[in-house]
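Let us walk through this structure step by step, beginning with a single residue and widening the view from there.

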Amino acid sequence: MKKIRVLVACGAGIATSTVVMKKVEDLFKSNNIPVDIMQIKIAEAAAKQDDADILISTTMLPTTYRIPAIKAMAFLTGIGTEKVEQEILDAVNKINEK
């Protein structure tokens, strides 16, 4: 299984992305998926997408991306986390099929 490169973004690249980053680390670890996570500001996402496989964001996505972009507010609210986790795992499976 290939190492998945994940961008975790929020508005400032500090507070909410830190919380989500931990949840994403735990999700990948519990599913034995190798991962490399980079915490960024959403404004950096377009420039960094070529070096990543997935974008996970806690804020509105200002544009469309060439990589899967997943909204992860559920990790902050606690509502719908299973759905977001499955969306992430589905994206990983598609990446590993390539």
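In this predicted model, a useful starting point is Thr58, which, leaving aside its neighbours within four places in sequence, is in contact with Ala9, Cys10, Thr16, Val20, Ala72, Met73 and Leu76. Thr58 is found in the loop between β3 (54-57) and β4 (69-71), and because its relative accessibility is 10%, it counts as buried. One of these contacts can be described further: the side chain of Thr58 makes a polar contact, at 2.9 Å, with the side chain of Thr16.

From this loop the reader can step back into strand β3, which is covered on both faces, with Ile54 and Ile56 buried on one side and Leu55 and Ser57 buried on the other. Strand β3 also has strands paired with it. Strand β1 (residues 4-10) runs parallel to β3 and is joined to it by four bridges, and within this pairing Val8 has Ile56 as its bridge partner in β3. Strand β4 likewise runs parallel to β3, the two being joined by three bridges, and here Ser57 stands opposite Lys71 in β4.

The last stop is on the surface, where Val19, Met73 and Leu76 form a nonpolar patch that has about 230 Å² of accessible area together. Val19 belongs to helix α1 (residues 15-30), and because its relative accessibility is 41%, Val19 counts as partly exposed. The route thus returns to its beginning, since Met73 and Leu76, which take part in this patch, are also among the residues in contact with the buried Thr58.

Methods. Residues are numbered from 1 along each chain as its sequence is written. This is a predicted model: local features need pLDDT of at least 70, side-chain atom pairs count only at pLDDT 80 or more; totals for chains, interfaces and linings use all residues. Side-chain values use heavy atoms; hydrogens and water are left out. Patches are made of residues with over 30% relative accessible area and no salt bridge: like charges are joined within 9 Å, nonpolar side chains (Val, Leu, Ile, Met, Phe, Trp, Tyr) within 5 Å. Accessible areas come from the Shrake-Rupley method with a 1.4 Å probe; for residues, only the protein chains shown count as cover. A salt bridge is a side-chain nitrogen of Lys or Arg within 4 Å of a carboxyl oxygen of Asp or Glu. Buried means under 20% relative accessible area, exposed over 50%, partly exposed in between (1.4 Å probe, protein chains only). A polar contact is a pair of N or O atoms within 3.5 Å; within protein, one must be able to donate a hydrogen and the other to accept it, and residues adjacent in sequence count only if both atoms are side-chain atoms. Contact means heavy atoms within 4.5 Å. Two strands pair if DSSP finds at least two bridges between them.
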